[in-house]
Amino acid sequence: MLTRVKSAVANFMGGMMAGGSNGDHPGGSDLPLRFPYSRPEFLGLSPDEIECSADHIARPILILKETKRLPWSTGYAEVINAGKSTLNEDQACCEVLVVKRRPAGNSTPNRTPTARRRSSLPNGDGLNIKDYQDSTEDLTFHYWALFDGHAGSGAAVVASRLLHHHIALHLQEVMEILCAPNLQPPTCLGEEPINHLLTPTSQRALTRAASLRGAAGAPGSPNPTPTRFFTEKKVSHESLVIGAIENAFKDMDVQIEKEKAVYNISGGCTALVVVFLQGKLYVGNAGDSRAIIIRAGEVIPVSAEFTPESERQRLQFLAYMQPHLLGNEFTHLEFPRRVQRKEVGKRMLYRDFTMSGWAYKTIDDDDLKFPLIYGEGKKARVLATIGVTRGLGDHNLKVHDSNIYIKPFLSCCPEVKVYPLTQCEHGADDVLVMGTDGLWDVLSNQEVAEAVTCFLANCDPDDQHRYTMAAQDLVMRARGVLKDRGWRISNDRLGSGDDISVYIIPLMYGNKQI
Amino acid sequence: MAYAYLFKYIIIGDTGVGKSCLLLQFTDKRFQPVHDLTIGVEFGARMITIDGKQIKLQIWDTAGQESFRSITRSYYRGAAGALLVYDITRRDTFNHLTTWLEDARQHSNSNMVIMLIGNKSDLESRREVKKEEGEAFAREHGLIFMETSAKTASNVEEAFINTAKEIYEKIQEGVFDINNEANGIKIGPNHPTTASTLTAGIQTPLTRSGIDKNEVTTLLDLDEDHGVVIFKFAAI
């Protein structure tokens, strides 16, 4: 993902960076790791197994152990890259979380969770979930996440351990509202009781009538409503969940930035999360991983990638507004190729932030600078450095041999799409496929859908490993087999030499959940 | 733990012949009568001593089912030793040896040491393949041969260790190029002559991950103080 990268491990005290020579430790940081490098917790690998997993020669496909099970019998498989980095920089996390009402007296949520993991929680069976689920006021959600690291594994490891806690905290803030689906989310908390009942039409009519009269409340109404003289935007419960996920990403990014003062958290990572809450799937994506739903053999895309090409106009606009971010070395304009000095004065094709099409402009000296976005497809880079434009971390990433920071151009904000799972029927072969770019670089949505559909059709429908085996098959198809000229997949195409991680989530369990 | 050499092994053979049980007996010294089907690859490791040198065996236990053959084939690569296992109580598992051997020879490096193992020697009353047949097959194809019982542990140590001895001898004779990791041999960090130059591979970071004990104290989580409970996959 990175070229010409210098992942500066910065001396971050006071947020000051004192030039290119200072704060760079070529051999890594002296600070301790935030979390040790590992593979996803749910794989339950020993250090010896982790060592085997990092074999770049045979590239073993790791799957969930027979004794382990993920929620909804989710399938998972991964494989390490063909040698581009020593470690597998992909990470994954899968959890079921129960959010409980914040205990009284703790009114301000602790944004940096500091409590210790409950060691009493076992790793698998034997846990009595009923004790917790009996309370109707609890909010349960399922969580699947993939992180694709670059320039080090630190950020991906940290995000895989912590992002779900941030999501839980933000959901906790609005859980009373989420748990009352018939109540309109109040515009302002603490001003009035939540009493705008949406379903009983008589009362709503009454409330509206009272508002129109400008009275303090309808006489005799049990719940007097304050006067409203202006229209109010209606905010759905769904968009509260979206907001919670978005803010969780932001908090995670801020936490990584802060903790870099005391820990060695290398590089950055993309993040793709799927949250199942109250019958809906929320797919949040910041980066170039992808999720699709395969329903009755048809592909439904549920995420979009953020790359220099897909975010060109946002990046160009930012550079246009804040030209100092380009350090006088780059131009925000795009040209079909590098401009040569002898072409100054001639007219050449270009694109600005206002354009998706092309036009001609007269070349001047400024246009000789390196383009902000350069390269095509998978080779497209921002500031000649990074090929993905959203994600977490990367706070110290700079253009090689310069003091130009990349981070201002990167967004940690996910795009969250909603799939109303329980409003649709799902059979045993209807699944959501999540994969890092190692999968999608070499296989199209259609190829993935055909492979998965075909594989599942040939499996015993009662085999609880079928989704894991389908994930293994998919990773195999993307990795390929080693021939004389490298890793090859079907039709003698080049296999993916990248880290590849895949979840296959059967959706029918979501229908059963409600 | 420091070692002089690391040898990569692969265990192959039909489904149900006891590959996973042999591995478990060798690494954990226990027998598990009911074992789930291996559906991909599983790993084990153990340290042994040969000629006074610490040698780490890294063992890849593969799925035996035909449907996984395309996946397991790539795991031959970079193996220094292979245990080819059949079940002495099932003639068909012996009949399939030729196919396994062809597969192994085609996808591994030519110096790979192959040990033929007739497993389940404790089930003498149900024997379908005579010991002499196994010996003959091994002689014909240039393999080492042993009958083992993963249940009683009979000959299990010997099977793994004799294979390692053979590999070790090949190293001494200069047959193996130990600087090429594709041969399934790595030189350990405490090797007297080459330690400084040859440990830059995957060993360093992995060792670090193994010894870092910070996890326990720095693990940061929510608990009931904040009202969030994490379930480890109990809620399916």
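Q: Why is A:F42 called buried in this predicted model?
A: The relative accessible area of A:F42 is 4%, and since buried means under 20%, A:F42 is therefore classed as buried.

Q: What makes the pair of A:F42 and A:Y76 edge-to-face?
A: Among the 17 aromatic pairs that the structure holds over all chains, A:F42 and A:Y76 have centres 4.9 Å apart and planes at 85°; because pairing asks for centres within 6.5 Å and edge-to-face for planes over 60 degrees apart, both conditions are met. The two residues are 34 apart in sequence, with A:F42 in the loop between β1 and α1 of chain A and A:Y76 in strand β3 of that chain, and together with A:Y503 they form one aromatic cluster.

Q: Why is the pair of B:F26 and B:F160 called stacked?
A: Their ring centres lie 4.0 Å apart with 10° between the planes, and planes under 30 degrees apart count as stacked, so the name applies. This pair joins helix α1 to helix α6 of chain B across 134 residues.

Q: How do you know that A:C454 has no disulfide bond to A:C459?
A: The closest cysteine sulfur to that of A:C454 belongs to A:C459, at 9.8 Å, whereas a disulfide needs sulfur atoms within 2.5 Å, so the distance is too far for a bond. Over all chains the structure holds zero disulfides.

Q: What makes the link between B:K56 and A:E51 a polar contact?
A: The side chains of B:K56 and A:E51 are joined at 3.0 Å, which falls within the 3.5 Å limit for a pair of N or O atoms. B:K56 itself, in strand β3 of chain B, counts as buried at 10% relative accessibility.

Terms used. Residues numbered from 1 in each chain as written. Chains lettered and ligands numbered in written order. Predicted model: local features only at pLDDT ≥ 70, side-chain atom pairs only at ≥ 80, totals over all residues. Heavy atoms only, no water. Helix = DSSP H or I, 4+ residues; strand = E, 2+ residues; numbered from the N terminus. Buried < 20%, exposed > 50% of the residue type's maximum accessible area, 1.4 Å probe, protein only. Polar contact = N/O pair within 3.5 Å; in protein donor to acceptor, adjacent residues only side chain to side chain. Phe/Tyr/Trp six-rings, centres within 6.5 Å; stacked < 30°, edge-to-face > 60°.
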